[in-house]
Amino acid sequence: MEEILEKIDRSRIPKHVAIIMDGNGRWAKNLLLPRTAGHKKGVDAVEEVLEAASILGVEALTLYAFSTENWKRPTEEVSYIFKLPKLFYTRLIDKLMLWNIKIKWIGEITKLPNTMQKLIADFESKTEKNTGLLLYLAFNYGARSEITATVKKISQAVLDGELAISEIDEAFFGTQLYTGENVNVDFLIRTSGELRMSNFLLWQIAYSELYFTDKLWPDFSKNDFYHAIFDYQQRNIRKGGL
Ligand code: IPE
Ligand code: IPE
Ligand code: MG
């Protein structure tokens, strides 16, 4: 592990990293376990990545935990996934404070059960003053839903006379999304070998570098994160220029 860490150029760490944490079900299936065991083990990988991102000084990390399409899954699986934020809280709150991580939930939060909304509020207020890594937890998140909600919010401001149409440009629109001023994702990682976006951060990834790995999410470690960052640093990022 030390070796790869030493190769990383600390002056060129991507500011905003986003991860599609995929492959929990297949991880469990490979071990003849129920899919829920994979979701539970996935929390270990979240801990790994939070520590690694903090060590490297990543400014913002967005983790895709539950999509607006994941409601299509069997009720038992959805119910299990809904228990994980509490487990995450109990297990990791001390470390989040130690690592100075601030949490913000993004997605259709108001459509979540009240108990969950309360937990989200607790999470956010407890970590509010932390100044290290900003963790956006995408739960009941969908990019199209986010963009639609943003269009509605802006339209309302125009109707209320608080905003002129001429003030709406790309920069302004971007800051109105859930990710606020961290609108540009520099580096996007997807585990489990799937090569698609699954309705994640569609506006924010306009110029992201993409990284796909066959590792299943529960197996993803600090070392895997460092390897991904090292790979990012070998790329020639042009953003349309030369
Ligand atoms: C990702 O793992 C977690 C969620 C989508 C909630 P999956 O549950 O999608 O695992 P696979 O893709 O079926 O292996
Ligand atoms: C994307 O994974 C959503 C999350 C990781 C939370 P899915 O497993 O739901 O995506 P598809 O079904 O492969 O597109
Ligand atoms: Mg999946």
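**Exercise 1. Which polar backbone atom lies 3.3 Å from an oxygen atom of ligand 1, and what other polar contacts and surroundings does ligand 1 have?**

*Solution.* The structure is a predicted model, and the steps below read its computed distances.

Step 1. The backbone atom in question belongs to Gly 23, which has a polar atom 3.3 Å from an oxygen atom of ligand 1.

Step 2. The backbone of Asn 24 also takes part, with an N or O atom 3.1 Å from an oxygen atom of ligand 1, while the side chain of Arg 73 places a polar atom 2.7 Å from an oxygen atom of this ligand.

Step 3. On its own, ligand 1 has 380 Å² of accessible area, of which the protein covers 87%.

Step 4. The shell around ligand 1 includes Met 21, Asp 22, Arg 35, His 39 and Ile 81, and by class it consists of three nonpolar, five polar and four charged residues. Helix 2 (24–30) and helix 3 (35–56) each supply at least two residues of that shell, and helix 2 gives the largest share, three residues.

**Exercise 2. Work out which side chains have an N or O atom close enough to an oxygen atom of ligand 2 to count as polar contacts, taking 3.5 Å as the cut-off, and describe the shell of ligand 2.**

*Solution.* Step 1. The side chain of Ser 198 has an N or O atom 2.6 Å from an oxygen atom of ligand 2, and for Arg 73 the corresponding distance is 3.3 Å. A polar side-chain atom of Arg 190 lies 3.4 Å from an oxygen atom of ligand 2, and the protein buries 78% of the 380 Å² that ligand 2 exposes when taken alone.

Step 2. Ligand 2 is also surrounded by other residues, among them Ile 20, Tyr 64, Phe 66 and Arg 196. By class, the shell holds five nonpolar, two polar and four charged residues, and its largest share, three residues, comes from strand 2 (residues 60–67).

**Exercise 3. In which pocket does each ligand sit, and what is the mean pLDDT of the protein?**

*Solution.* Step 1. The space taken by ligand 1 is the largest pocket, and the space taken by ligand 2 is likewise the largest pocket. Arg 73 belongs to the shell of ligand 1 and also to that of ligand 2.

Step 2. The mean pLDDT of the protein is 97, with 99% of its residues at 70 or more. Among the elements, strand 1 (residues 16–20) has the highest mean, 99, and helix 1 (residues 2–7) the lowest, 90.

Step 3. As a general caution, predicted coordinates should not be read in detail where pLDDT is low.

Conventions:
Residues numbered from 1 in each chain as written. Chains lettered and ligands numbered in written order. Predicted model: local features only at pLDDT ≥ 70, side-chain atom pairs only at ≥ 80, totals over all residues. Heavy atoms only, no water. Near = heavy atom within 4 Å. Polar contact = N/O pair within 3.5 Å; in protein donor to acceptor, adjacent residues only side chain to side chain. Areas by Shrake-Rupley, 256 points an atom, 1.4 Å probe, with all protein chains shown as cover. 1 Å grid on protein atoms, 1.4 Å probe; cavity = no way out; pocket = protein on both sides within 12 Å on 5 of 7 lines; lining within 4 Å. Sits in = over half its atoms within 2 Å of the grid points. Helix = DSSP H or I, 4+ residues; strand = E, 2+ residues; numbered from the N terminus. Nonpolar A, V, L, I, M, F, W, Y, C, P; charged D, E, K, R; others polar. pLDDT = per-residue confidence, 0-100.
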